[in-house]
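Q: I would like a close look at a single part of this structure, its open sheet. Please go through it piece by piece, then follow what surrounds it.

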Amino acid sequence: MSVFVHLGFAPVIEVFDLNRKFDEDNSTCKINLGLGAYRTDDGKPWVLPVVREAEKRVVADENINHEYLPICGLHPFRQAAARLALGDNSPAISENRVLSIQCMGGTGTLRLAAEFLKQKLKFDTVYVSSLTWDNHVGIFQATGYSQIHEYSYWDPITKGLDFQGLTDDLKNATEKSVVIFHTCAHNTTANDPTEEQWKEIFRICKRKQLMPLMDCTYQGLVSGDVDTDAFPLRHLDSEGFEFLIAQSFSKNFGLYNERLGNLCLITKDRTVLDEVRSQFEFIIRKLWSNPCHHGARTVSTILNDPKLCTEWKEEVKVMADRIKSMRKLLYNKLIELNTPGSWDFISSQTGMFIFTGMTKPQVECLCTKYHIYLTKTGRINMCAVTSKNVDYIAKAIHDAVV
Ligand code: PMP
């Protein structure tokens, strides 16, 4: 008998399970509102024109080969990634207090942060928002954290941020814990703190000596401006915090399958950086040893060329603007249909998603009756809404909630 026979199935990964069901569905009106990937108004994946241009340059460059990259990744990419997160006027960058490490997607970046904080600094407690991207919990569980707690975030009544609950929970948090924050475009609730609220949140973090781990997966996709969306990061930097940033380049460059991420560690004391880097190298050697090249070279080509960088920022804005216009359209359709309930949250929520707060039976109805696939929490990927399918989606939502 096989030694593997007792394994059974692992828990399903919801978004990928939805994709499978969607692919197997023969209906012509099927729509996938589950997976968080950008789509054009024709419902197609979008390779950013600036990415195409940069890739052409990379392929044409005969000086580029397939040798191993350094363990911490491609140097010009790492520098540009830190500048993108912290800005041109970053005190930490100008004082040489930033360690920047190329990683494997946002997921690998978070995993590396979790490993480092646990293995080298003996952190064992992490706080995640309630609700959050489920892999936050999964990654910290897999890394062996024994204390994984939630802090309040989502208020189901207002369909907004429970700021009072959030600050109360942080005030009661165990000192010297890791706290994961979504820099912008909170996944799943689509609600971000205001600038004033961020300042208050970080005041509490300082008092409680909490270690902010800033998940930065959607920079630019809220406001259309990468600097505006980076406010919490810039604020932490200006306040002299020690903190970490886990960047993903999957969404804002549309490079989902290149698995490109970057970890920034900001310290108060630049003299520790070489030692800290060597500790990271020690860990990475056992995780993936060296990172991939193509995505990093592509992004580096864009961010280090002023013309391409401007084009990229314009294309990020195209994505953000399309999402905003779909929000407006869906809202208007639901109002036209007199759909019961208040739908104002569609425009007040931010980023790629809306968090509808629909019940499980309502979500089930969308799926079985209308072939519209979304996560059972009722989260809708607004990027998959188009001017052609919005009527159908609005009518289906209307039917599901009446
Ligand atoms: N963090 C959050 C909040 C996310 O939504 C995602 C992607 N869904 C990630 C991290 C992981 O990004 P990547 O696909 O680059 O691993």
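A: What follows takes the sheet from its overall order to its individual strands, then turns to the ligand shell, the helices and some backbone details.

The model is predicted. Its open sheet has 7 strands. They run in the order β2-β10-β9-β8-β7-β3-β4, and the pairing is mixed. Two strands stand at the edges: β2, residues 98-104, and β4, residues 147-152. Each has a single partner strand, so one side of each lacks a neighbour in the sheet. Neighbouring strands of this sheet are turned against each other by 25° on average, direction ignored.

Start with β7 and β8. Strand β7 covers residues 178-182, and β8 covers residues 211-216. These two pair in the parallel sense, over 5 bridges. Within this pairing H182 stands opposite D215 of β8.

Next comes β9, on the other side of β8 in the strand order. β8 and β9 also run parallel, paired over 4 bridges. Here C216 has Q247 of β9 as its bridge partner.

The sense changes at the following step. β9 and β10, residues 260-266, pair in the antiparallel sense over 6 bridges. L244 has L265 of β10 as its bridge partner.

How many residues of β9 are buried? The count is 6 of 6 across residues 243-248, so the strand is largely enclosed by the rest of the structure. In a regular strand the side chains alternate between the two faces of the sheet. β9 can be read out in this way: F243, I245 and Q247 point one way, while L244, A246 and S248 point the other way. Both sets are buried.

β10 also pairs with the edge strand β2. This pairing is antiparallel and extends over 7 bridges. S100 stands opposite C264 of β10. Although β2 is an edge strand, it is mostly covered, with 6 of its 7 residues buried.

Part of the surroundings of this edge is helix α12, residues 294-303. β2 and β10 are both among the elements that cover the buried residues of α12. That cover also includes α2 (49-60), α3 (75-86) and α13. The helix itself is mostly covered, with 9 of its 10 residues buried. The buried stretch consists of G295, A296, R297, T298, V299, S300, T301, I302 and L303.

Now the ligand. Several strands of the sheet contribute to its shell. H182 and D215, the facing pair of β7 and β8, both belong to the residues around the ligand. S248 is in the shell too, and this residue is one of the buried positions of β9. G261 also takes part. The other members are G36, G105, G106, T107, W133, N187, T217 and S250. Which helix gives the largest share of this shell? It is α5, residues 105-119, with 3 residues. By class, the shell divides into 1 nonpolar, 10 polar and 1 charged residue.

Helix α13, residues 306-336, holds V316. V316 counts as buried because 24 C-beta neighbours lie inside 10 Å. Beyond its neighbours within four places in sequence, V316 is in contact with G220, L221, G224, V226 and N252. L233 lies further off: 83 residues from V316 in sequence, and 19 Å in space, C-alpha to C-alpha.

Some backbone details complete the picture. The peptide bond from S130 to L131 is cis, with omega near 0°. L131 is in the loop between β3 (125-130) and α6 (134-142). K159 is not a glycine, yet its phi is positive, near 50°. This residue is in the loop between β5 (154-155) and β6 (160-161). Is K159 buried or exposed? It is buried, because 22 C-beta neighbours lie inside 10 Å. S289 also has a positive phi, about 65°, without being a glycine. S289 is in the loop that leads from α11 (273-287) to α12. With 11 other C-beta atoms within 10 Å, S289 is exposed.

Last, the record. UniProt, in an unreviewed entry, places the feature "domain: Aminotransferase class I/classII large" at residues 30-397. Over residues 30-397 the chain is 45% helix and 15% strand. The end C-alpha atoms of this stretch are 14 Å apart.

Notes
Residues are numbered from 1 along each chain as its sequence is written. This is a predicted model: local features need pLDDT of at least 70, side-chain atom pairs count only at pLDDT 80 or more; totals for chains, interfaces and linings use all residues. Two strands pair if DSSP finds at least two bridges between them. Axes are lines fitted to C-alpha atoms, for helices over the stretch in contact, and angles run from 0 to 180 degrees between N-to-C directions. A residue is near a molecule or strand if its C-beta atom, placed from the backbone, lies within 6 Å of it. Ala, Val, Leu, Ile, Met, Phe, Trp, Tyr, Cys and Pro count as nonpolar, Asp, Glu, Lys and Arg as charged, and the others, Gly among them, as polar. UniProt positions are given in the numbering used here, feature names are shortened, and annotations may be inferred rather than shown by experiment. A residue is buried if 20 or more other C-beta atoms lie within 10 Å of its own, exposed if 12 or fewer, and partly exposed in between; C-beta atoms are placed from the backbone. Two residues are in contact if their C-beta atoms, placed from the backbone, lie within 7 Å.
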